[in-house]
Amino acid sequence: MSKRDLKKYLSELNKTQLEEQIIELYEKFSAVKIYYDFVFNPKEETLLQECKIKISNEYFPPRTSRNKARKPKMRRSVAQKYIKHFILLGVDPFIIGDVLLYSIEIAQTFSADRVVKQELFYKSMFNSFEQAVIFMIANGILNEFKPRIIAINDETMRQNWYNKQEFDAIIERFEY
C-alpha cells in the first residue's frame, strides 16, 4: 500500500475508527508502543544514561558476584543499536551526536590501557567516526561537537592507531 492509498483510507475513517486502529497497533506492535511511550514521556536523559552505561559495559564490564573481572566484548553493534533506536524515536540530534562520539571515546579509553590487536576494532572505530561526522553535518550540529571530534582525532595520533591518517583526513575536510 502506498502512502497516498493509506491517506485515502484513513480519511474515510471516522474519529472512533481511527482511535480503535491506533489502539490496536499500540497493543499489537511493541515498536508502536515504544514510540508512543516516548512521544508522551520523552525521558531522553534517562535513555542517554542507560545507553552510555551499556556502551561502557562493553569495554569495562562490571565485576561478577565473585568479584572476578569479565572479559570485555568491545561490540560496536551495541552503540549502533541504540543510535538506530534513537533516530527512529526522533531523539534530539544533540543526544544522538553525544552517543556517537561517546562510543568512540570509551573505546579510546579502553585502548589507551590495553593493546588491541584486532584490526577490525580500528576499522570499526573509524566507521563510527565517519558516521558521526556525517550525521553532525547533516543535522547542522558539527560546530558544537568540533572540540570532541578533534580530541578523538588527537587521541588516535597519541595512541598511534594504524589508521590515524584516515581520521586526520576527515578532520582536514571540514577544517577548510
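The exercises below, each with a worked solution, concern helix packing, the nonpolar core and selected residues of a predicted model.

**Exercise 1. Helices α4 and α5**

Determine how helix α4 and helix α5 are oriented towards each other, and describe which residues make their contact.

Solution. Start with the geometry: helix α4 spans residues 44-59 and helix α5 spans residues 76-89, and the two pack at an angle of about 165 degrees with their axes 9 Å apart. Angles over 145 degrees count as roughly antiparallel, and α4 and α5 are therefore roughly antiparallel to each other. The handedness comes next, and the crossing of α4 and α5 is left-handed. On the side of α4 the contact is made by Leu-47, Leu-48, Glu-50, Cys-51, Lys-54, Ile-55 and Glu-58, while α5 contributes Val-78, Ala-79, Tyr-82, Phe-86 and Leu-89. Sorted by class, the residues of this contact between α4 and α5 comprise nine nonpolar and three charged ones, with no polar residue.

**Exercise 2. Helices α7 and α8**

Work out the relative direction of α7 and α8, and classify the residues through which they meet.

Solution. The angle between α7 and α8 is about 165 degrees, and their axes lie 10 Å apart. With the cut-off for roughly antiparallel set at over 145 degrees, α7 and α8 are therefore roughly antiparallel to each other. Their crossing is left-handed. The residues that meet are Phe-129, Val-133, Met-136 and Ile-137 from α7, and Leu-142, Phe-145, Ile-149 and Ile-152 from α8. In terms of class, the contact of α7 with α8 holds eight nonpolar residues and neither polar nor charged ones.

**Exercise 3. Helices α5 and α7**

Decide whether α5 and α7 are roughly parallel or antiparallel, and list the classes of residue in their contact.

Solution. Take the angle first: α5 and α7 pack at about 20 degrees, with 11 Å between their axes. Because angles under 35 degrees count as roughly parallel, α5 is roughly parallel to α7. The crossing of α5 and α7 is left-handed. From α5, the residues Arg-76, Gln-80, Ile-83 and Ile-87 meet Ser-124, Asn-127, Ser-128, Gln-131 and Phe-135 of α7. The contact of α5 with α7 thereby divides into three nonpolar residues, five polar residues and one charged residue.

**Exercise 4. The largest nonpolar core**

Identify the residues that touch the most other members of the largest nonpolar core, and state which helix supplies its largest share.

Solution. The core has 44 residues, and those touching the most other members are Tyr-59, Phe-86, Phe-121, Phe-129, Met-136 and Ile-149. At least two residues of this core come from each of α4, α5, α6 (93-113), α7 (119-138), α8 (142-158) and α9 (164-175). The largest share belongs to α6, with ten residues. As a worked case, consider Phe-86, which, when residues up to four places away in sequence are not counted, touches Leu-47, Leu-48, Cys-51, Val-91, Ile-95, Ile-96 and Val-99.

**Exercise 5. Burial of three residues**

Classify Ser-56, Asp-92 and Ile-171 as buried, partly exposed or exposed, and describe the surroundings of each one.

Solution. The cut-offs are under 20% relative accessible area for buried and over 50% for exposed, with partly exposed in between. Ser-56 lies in helix α4, and because its relative accessibility is 16%, Ser-56 counts as buried. Apart from residues up to four places away in sequence, Ser-56 touches Tyr-102 and Ile-106. Asp-92 is found in the loop between α5 and α6, and at 32% relative accessibility Asp-92 counts as partly exposed. Between the C-alpha atoms of Asp-92 and Glu-44 the separation is 8.1 Å, although these residues are 48 residues apart along the chain. Ile-171 belongs to helix α9, and with a relative accessible area of 3% Ile-171 is buried. If neighbours within four places in sequence are left aside, Ile-171 is in contact with Phe-129, Ile-149, Ile-150 and Asn-153. Of Ile-171 and Asn-153 it can be added that they are 18 residues apart in sequence and 7.6 Å apart in space, C-alpha to C-alpha.

**Exercise 6. Backbone angles in two loops**

Locate Met-74 and Asn-160, and give the phi of each residue.

Solution. Met-74 sits in the loop between α4 and α5, and its phi is positive, about 55 degrees, although Met-74 is not a glycine. Asn-160 sits in the loop between α8 and α9, and Asn-160 has a positive phi of about 60 degrees, again without being a glycine.

Notes. Residues numbered from 1 in each chain as written. Predicted model: local features only at pLDDT ≥ 70, side-chain atom pairs only at ≥ 80, totals over all residues. Heavy atoms only, no water. Axes fitted to C-alpha atoms, helices over the stretch in contact; angles between N-to-C directions. Helix = DSSP H or I, 4+ residues; strand = E, 2+ residues; numbered from the N terminus. Parallel < 35°, antiparallel > 145°, perpendicular 65-115°, else oblique. Left-handed = near helix turned anticlockwise from the far one by under 90°. Contact = heavy atoms within 4.5 Å. Nonpolar A, V, L, I, M, F, W, Y, C, P; charged D, E, K, R; others polar. Core = buried A, V, L, I, M, F, W, Y, C linked by side-chain atoms within 4.5 Å. Buried < 20%, exposed > 50% of the residue type's maximum accessible area, 1.4 Å probe, protein only.
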